[in-house]
Amino acid sequence: MGILETLEKNRVPILLAEIGAYLHDLGKATAEFIKNKAKDSGKGDKHASSEWLPKEIPDLLGNIKINFAGREDTLWNFICGHHNKENKGKDEGASKEDEGMNKGDDYRDDENCLNVREIVQLLCASRNGFDGIDSGTDKGSVSPKWAQRIDHIFIANAFGFEYYKINLDKAEDLKHQICESIKKVVNCFQQFQDKSQGIVHFRKNIFDETRDPYSIFLGETRRSANDVTLWDHSYSVATMMKCAMAYLALNPDKPFDPLCTDLQVLCVGVDVLGMLAKGIRIADTIGYWKKIEEAFSAIKEMVEVTYPMGNEIYRDTTGIYFLVATVDLEALKCEIMQKTKEIEPELIPVTVNRQLQVDKKLQCRTKLEESWKDALKKAIPEMRKSILEKVVFPVSSQRFDPGEFSKDIEENRDVCPVCRLRTVNENKDICNVCTERREKRFETWLQFPSNTIWIDEVCDHNDKIALLVGMFKLDDWLNGELIRTLTFIDPPPQNPGIKKEFKKYPSPSRIRRIWETTQKFIESAIKSTIPKELEQRFVSDALRLKRLQFKISPNPCVPNHSTLEVNVDGVKFTLVCVDKDQELFVSVVNLQTLAKFGKTVEEIAKSLEGKKVKIKRESDRRWLEAKLSEVKPAERKHQNYSPCIEIFRFPEQFMVLVPASEALDIAEKIVKEYEIQFSKVMDRLPFHLGIIAFHNRMPLYVVMDTARRLLDKFGSSKSIKVIVEEVSDATQPELGNSKKLTMRVENKREEILEWFFSVVTKDPEVKDIWYPYLRIDGKPSDRKLCFDYTNAGDYVVHVEEIKKGDVLKIEPSYFKLYYIENAADRFRVDEDLRFLNDLHRIQEIRNRLESGIWSVSQLYAFWEVLRKIREYQGEVFEKFLDSSIKNILDVSQNSERFNEIKEAVKNGLFELCLHWNFQVRKIKVGKGNQDESKN
């Protein structure tokens with residue numbers, strides 16, 4: 001029997017063991033666990049028993065039996081037995097060292113608890129099982145004195161921002177919700193005659209029903225281990241259990257010992273950004289993105305369910321990553337290639353696997369477990385580095401099959417400008433495959449018309465769009481290096497000379513929590529921050545989010561989804577056919593561009609109805625005469641769309657299109673949220689952000705290529721050294737008590753950074769001694785909260801002990817504000833990056849411009865002078881600049897405003913702001929006037 005057939009045959013026991021491991025800490029999803037772990041509770045921990053769970057749960061889960069390799073166990077035994085130190089299947093010849101590790105609570109008093117058998121033994125922390133591999137050391141690294149107060153128990157993100165306060169009443173409700181879901185799902189599974197199909201539904205439903213509530217319970221409530229949720233820990237443990245079961249199914253002669261299991265990382269690599277850059281319309285780009293998502297989902301189903309050998313552990317713009325059992329993957333790779341070819345032949349994935357480097361020669365089980373952990377933390381970064389070299393073109397003949405596209409190639413036909421692999425048919429501008437991809441995007445839009453797919457609707461009133469490009473640099477967090485900076489020192493008050501270190505370890509669940517935190521931040525930005533900001537700006541606008549419905553005479557006779565260009569009195573806009581039988585068209589344009597015909601939708605409709613116009617279909621070479629026979633406001637379902645389009649999002653990167661006029665405000669909102677949620681690690685977790693604006697006539701592939709070049713530049717950013725100029729106390733509404741650090745870049749006096757670091761938790765009685773550490777140059781000798789985080793002379797110091805003159809090592813966040821005027825501009829996008837906090841300074845200058853202090857003529861005159869005097873340097877430039885500020889802008893040389901303007905000119909921000917607001921946003925300001933750009 002082949003490898004895949006064996007895994008398919010053992011699907012039921014493998015997935016049941018995965019589910020059992022996922023449910024092993026079910027007792028922690030209770031208000032009782034939270035109360036018993038609260039400060040000064042003095043109560044014992046009974047989460048691995050039936051005491052805190054509804055009475056039906058033990059019998060219900062006890063009736064789900066796992067029969068595997070001649071062994072039997074139950075789902076309930078995963079809960080009640082994973083802390084049991086008496087293992088029925090334990091080696092009689094275990095060493096004293098091994099037995100000494102069997103420490104912990106004994107839950108033998110639970111009548112439903114069986115002696116732990118070999119399957120559950122894979123999980124037991126007391127036997128170096130996966131529960132311990134994931135979190136055992138973490139629990140040993142937090143002090144009991146850092147238990148949270150019962151009325152101040154918070155969940156933190158991976159970087160110390162406490163975002164959720166646990167409510168005990170809600171926790172009790174959630175416990176019953178989870179248990180009711182489990183009962184429903186188990187009963188449903190019991191009804192299936194074919195368990196191999198039933199288990200698929202069981203697994204999906206148990207994860208779907210419990211993921212959200214699991215995410216607001218903690219595996220450990222004490223700080224600073226309150227960053228790993230019950231979901232993070234349970235999913236990581238379940239993944240390793242699943243891998244072990246798959247390994248044992250294929251290696252029946254191997255012992256049921258977690259440390260004897262061999263695992264590997266499998267990556268299916270795809271050049272995501274290269275694929276997206278092929279689109280010439282937004283529908284092409286989004287169509288490719290949806291195909292990538294579809295392929296990833298199909299591969300995930302294949303690896304996790306069809307041939308259950310592991311789980312997804314990460315995905316980004318390089319591909320999708322799985323932790324799987326170490327088996328021969330050639331058959332699986334062939335199926336993956338075939339499946340992706342069926343979904344989208346252009347994907348051309350590369351499949352790479354890499355075994356975890358565990359030192360199996362180690363005799364001491366404790367050291368062997370440490371080797372396991374070390375291998376797990378290196379798994380993703382090492383594979384990402386390997387895959388990056390393989391996903392880009394040129395591709396090998398093994399991956400690219402010319403015959404796949406030969407059937408779509410005809411002689412004497414133009415090559416499709418989108419895929420560039422097929423020819424186009426007569427009277428078509430793209431091939432049939434790319435046409436079908438566009439049509440699917442249209443069908444999706446018809447179902448959800450509030451989610452626009454039309455770039456003309458994203459355009460601002462000047463026909464300009466901006467692509468927001470964001471990136472977290474996660475590499476040194478995913479490999480565990482920077483997690484070590486979260487170790488902290490706790491000198492006992494009675495003997496301050498003694499320093500005790502409490503360490504954070506890069507466990508699989510903590511590494512998962514790292515990228516899930518950034519993923520949630522990006523998801524919130526795209527799904528919440530951006531739409532809300534746009535809605536607030538346009539909610540009272542009579543035109544911005546509206547659409548018109550048209551009938552045209554004579555009927556252009558175009559199929560659904562086809563667009564039609566219309567020219568009315570020199571004003572061009574786009575319609576799309578939504579119902580060819582009813583001859584209905586809907587506008588897909590920002591109606592602000594039609595404001596000359598009326599101030600409301602009704603007025604515009606009345607003005608346009610009956611007008612003679614020129615139209616051009618997609619296949620037309622010339623304009624045709626026509627008449628707008630009927631114009632009225634579109635149906636309600638077509639109104640109030642959101643003028644933004646998500647291109648893609650991953651844990652470390654995203655792209656989204658927004659109106660250019662609003663782009664800077666949206667970016668500032670996102671940056672402010674970053675400065676709140678990641679304030680304690682801004683020096684180690686950079687967030688790079690770019691705004692790439694362009695006219696809607698600019699080819700989309702040029703814009704995407706520009707974005708890719710900018711991301712490459714962001715990804716190659718290096719650490720820099722800064723000198724602390726000033727340290728001061730501050731109070732920020734969102735951060736609470738903070739430290740403000742003013743820093744100057746070493747050897748660059750004009751480059752200044754101002755950062756705020758929160759120094760408190762959400763409990764007003766507890767300071768944060770865990771997260772806000774900064775890397776310092778040299779070895780400081782006079783700081784209490786200071787330690788060597790690499791044991792190689794690399795020190796960090798708590799922000800409250802940072803002093804003026806300290807030299808710090810930081811990972812700066814960069815910002816790029818850019819306008820593409822022609823295709824050649826994309827080659828310069830990686831020049832002159834600015835620090836992220838310059839965005840706030842640009843906004844401050846903009847507010848000055850729009851306040852009505854200066855007229856347009858004054859600003860343009862000043863701008864022109866700046867262009868001329870830039871050729872001078874030193875004292876000559878300074879004199880010309882002083883004179884221009886004083887005489888043209890009429891600002892006193894002794895005023896604070898004078899110095900602000902001068903500084904902004906010298907560092908280039910003033911001219912950048914002028915260019916953006918006058919050339920891109922085209923604002924109109926004058927003395928005593930506000931922004932008139934929308935009037």
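**Rings in conversation**

Visitor: What makes lysine 195 a charge that sits over the ring of phenylalanine 189?

Guide: In this predicted model, the charged end of lysine 195 is 4.6 Å from the centre of the phenylalanine 189 ring. The distance part of the rule asks for NZ of Lys within 6 Å of the ring centre, and 4.6 Å meets that. Arginine 544 also lies over a ring face, that of phenylalanine 538, at 5.1 Å from the ring centre.

Visitor: How many aromatic pairs does the structure hold?

Guide: There are 36 aromatic pairs.

Visitor: Why is the pair of tyrosine 314 and tryptophan 515 called edge-to-face?

Guide: Their ring centres are 5.6 Å apart and their planes stand at 75°. Centres within 6.5 Å make a pair, and planes over 60 degrees apart count as edge-to-face, so this pair earns that name. The two residues come from distant parts of the chain: tyrosine 314 is in strand β6 and tryptophan 515 in helix α20, 201 residues apart.

Visitor: And why is the pair of tyrosine 814 and phenylalanine 835 called stacked?

Guide: Here the centres are again 5.6 Å apart, but the planes are at 20°. Planes under 30 degrees apart count as stacked, so that is the label for this pair. Tyrosine 814 belongs to strand β28 and phenylalanine 835 to strand β29, so the pair ties together parts 21 residues apart in sequence.

Visitor: How do you know whether tyrosine 814 is buried or exposed?

Guide: Buried means under 20% relative accessible area. Tyrosine 814 has 15%, so it counts as buried. Phenylalanine 835, at 7%, therefore counts as buried too.

Conventions
Residues are numbered from 1 along each chain as its sequence is written. This is a predicted model: local features need pLDDT of at least 70, side-chain atom pairs count only at pLDDT 80 or more; totals for chains, interfaces and linings use all residues. Side-chain values use heavy atoms; hydrogens and water are left out. Rings of Phe, Tyr and Trp (its six-membered ring) pair if their centres lie within 6.5 Å; planes under 30 degrees apart count as stacked, over 60 as edge-to-face and the rest as tilted. Helices (H or I, at least four residues) and strands (E, at least two) are DSSP runs, numbered from the N terminus. Buried means under 20% relative accessible area, exposed over 50%, partly exposed in between (1.4 Å probe, protein chains only). A charge sits over a ring if NZ of Lys or CZ of Arg is within 6 Å of the ring centre and within 35 degrees of the ring normal.
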